[in-house]
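Subject: Structure handover

Hello,

Here is the structure we talked about. Please open it beside this email and follow along.

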Amino acid sequence: MAKLNENYSKLPATYLFTEIGRRVAKFKSENSSADIIRLGIGDVTQPIPQVCIDAMHAAVDEMSRAETFHGYGPEQGYDFLIDAIIRSNYAGLGIERDEIFVSDGSKCDCGNIQEIFSTDSKIAITDPVYPVYLDSNVMAGRTGDLQSDGHFAGVTYLPCTAENNFAPELPKSRVDMIYLCCPNNPTGTTLSKSELQKWVNYARENESIILFDSAYAAYITEAGVPKSIYEIDGALDCAIEFRSFSKTAGFTGIRCGYTVIPKTVCGRDRDGNLKPFNPLWNRRHTTKFNGTSYITQKGAAAIYTPEGQSQVKSLVGYYMENARIIREGLQKAGLEVYGGINAPYIWLKTPNQMKSWDFFNKLLTEVKIVGTPGAGFGACGEGYFRLTAFGDRQNTLRAMERIQNDLRF
Ligand code: PLP
């Protein structure tokens with residue numbers, strides 16, 4: 001009989017957002033008139049920029065005529081989009097056309113990238129963390145079982161808490177793959193240039209690869225916070241970067257992202273020779289993916305026009321104003337908060353050392369607000385809680401009023 005991939009059985013049975021959904025549905029069934037405000041899941045709520053709509057309409061019209069019809073495109077992405085990405089995000093950073101791979105979003109890329117690494121590679125992840133990095137490695141068999149402390153055997157966890165200012169320490173023993181997410185989901189914090197330099201130096205000294213997820217780069221508001229790992233000296237030799245149009249331009253339902261793999265990023269083959277990772281990803285991408293739709297890529301490229309840049313700025317600005325309202329609202333209520341300045345996530349310390357899930361229940365039952373328990377992102381997220389700035393303005397303001405006036409702690 002065919003056998004299952006047993007690695008999947010190592011994963012916890014319930015997915016975080018399924019459990020949140022279950023609890024909210026139960027509350028709703030017992031309190032049918034409750035006016036619930038959702039500041040939990042990280043999906044956007046505002047329409048995509050008009051330039052993208054116009055570009056996609058025009059692309060649909062092109063599809064209606066044989067002379068301008070587009071069938072399969074290059075799996076790696078159309079040059080018009082790749083060139084616009086390089087011009088806007090990587091000018092002067094040494095990135096070339098064949099080092100960018102357009103995809104249908106960075107969740108798949110972050111999850112699939114591990115395929116081009118040897119299965120015995122050692123991984124390091126920050127804790128708390130966006131779950132995809134860890135789960136995809138569990139599925140691939142790169143970890144042992146889940147232990148009673150909530151950690152998988154064989155994984156190097158890098159705690160990120162208020163005590164270390166959410167800047168992880170270097171691993172004590174050597175690792176091959178290091179996942180860094182900056183701006184961070186869930187903590188909403190960023191790493192400074194010097195912190196990132198420390199990681200690049202470590203990676204170069206140890207022949208490790210940094211997998212740098214900057215899906216929220218567009219939310220960086222402070223000068224001096226790097227948007228790309230390639231702003232750091234030496235990163236072209238040791239870092240792969242993931243970007244997404246999801247939060248930049250509201251593409252969560254349209255789907256577009258990209259991965260950058262400089263040809264100078266190398267690993268060792270079985271004979272100990274240095275070989276680049278880029279051709280492996282190219283091979284994987286062209287074998288397993290048939291390209292992001294032409295219409296989508298046209299929509300994505302539109303954000304790099306001057307008009308597109310200004311529309312993206314106002315979209316991001318809308319959410320970041322929500323972030324400010326949440327940050328200041330929570331502070332006014334007497335809560336300790338982090339993030340929300342260079343990211344659409346606000347990470348708060350639960351009052352009176354309350355457990356994350358207890359705070360979730362309190363918030364839901366007392367003020368009818370849904371957030372995300374920090375413990376759902378890793379053991380070090382216990383005692384923290386995530387709110388997102390992706391709601392609409394009215395609900396964000398109402399949520400803060402409720403917390404300030406009606407939440408007792
Ligand atoms: N990376 C991080 C840190 C995220 O939070 C998300 C989405 O929430 C993604 C990647 C995936 O984005 P998408 O697949 O929509 O491009």
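Which residues come nearest to the ligand? The model is a predicted one. Of the 14 residues around the ligand, the nearest are S106, D213, Y216, S244 and S246.

**The ligand site**

Start with the make-up of the shell. The residues around the ligand divide into five nonpolar, five polar and four charged.

Next, the polar side chains. N185 has a side-chain N or O atom 2.8 Å from an oxygen atom of the ligand. For K247, a polar side-chain atom lies 3.0 Å from a ligand oxygen. In the side chain of R255, an N or O atom is 2.7 Å from an oxygen atom of the ligand. On its own, the ligand has 400 Å² of accessible area, and the protein covers 91% of that. Two elements give two or more residues to the shell: α4 (106-112) and α7 (246-249).

**Cysteines**

How many disulfides does the structure hold? The count is zero. A disulfide needs two cysteine sulfur atoms within 2.5 Å. Take C110. Its closest cysteine sulfur is in C181, 7.8 Å away, so the gap is too far for a bond. C110 counts as buried because its relative accessibility is 0%.

C266 gives a second case. The closest cysteine sulfur to that of C266 belongs to C238, and 11 Å is too far for a bond. Is C266 buried, partly exposed or exposed? With a relative accessible area of 25%, C266 is partly exposed.

**Helix α5 and its surroundings**

C110 comes up again here. S136 sits in helix α5, which spans residues 131-139. Leaving aside residues up to four places away in sequence, S136 touches C110, G111 and Q114. Its relative accessibility is 7%, so S136 counts as buried.

S136 has company. The buried residues of α5 are V132, Y133, L134, S136, N137 and V138. What do the buried residues of α5 pack against? They pack against α4 and four strands listed here:

- β3 (123-127)
- β4 (156-159)
- β5 (177-181)
- β6 (209-213)

Just after α5 comes G141, with a positive phi of about 85 degrees.

**Unusual backbone spots**

Most residues other than glycine have a negative phi, and most peptide bonds are trans. Four places are worth a look against that background.

First, the cis bonds. The peptide bond from D127 to P128 is cis, and its omega is near 5 degrees. P128 is in the loop between β3 and α5. Another cis peptide bond joins C182 and P183, with omega about -5 degrees. P183 is in the loop between β5 and α6 (193-206).

Then the positive phi values. F166 is not a glycine, yet its phi is near 60 degrees. The loop between β4 and β5 holds F166. F166 has a relative accessible area of 4%, so it is buried. Q353 also has a positive phi without being glycine, near 55 degrees. Its place is the loop between β12 (345-349) and α11 (356-367). Is Q353 buried or exposed? Q353 is exposed, because its relative accessible area is 78%.

**Two more buried residues**

Where is G381 found? G381 is in the loop between β14 (372-373) and β15 (384-388). Its relative accessibility is 0%, so G381 counts as buried. What does G381 touch, not counting residues up to four places away in sequence? The answer is D127, P128, W347, S356, G374 and A375. D127 and P128 are the pair joined by a cis peptide bond. G381 also pairs with P186 over a long stretch of sequence: the two are 195 residues apart along it. In space, the C-alpha atoms of G381 and P186 are 8.9 Å apart.

The last stop is T396, in helix α12 (residues 393-406). T396 touches N322, I325, I326 and G391, again not counting residues up to four places away in sequence. T396 counts as buried, because its relative accessibility is 0%.

**Where to look**

For a quick tour, begin at the ligand with N185, K247 and R255. Then go to S136 and its contact C110. Finish at G381, which touches D127 and P128.

Best wishes

Methods: Residues numbered from 1 in each chain as written. Predicted model: local features only at pLDDT ≥ 70, side-chain atom pairs only at ≥ 80, totals over all residues. Heavy atoms only, no water. Buried < 20%, exposed > 50% of the residue type's maximum accessible area, 1.4 Å probe, protein only. Near = heavy atom within 4 Å. Polar contact = N/O pair within 3.5 Å; in protein donor to acceptor, adjacent residues only side chain to side chain. Areas by Shrake-Rupley, 256 points an atom, 1.4 Å probe, with all protein chains shown as cover. Nonpolar A, V, L, I, M, F, W, Y, C, P; charged D, E, K, R; others polar. Contact = heavy atoms within 4.5 Å.
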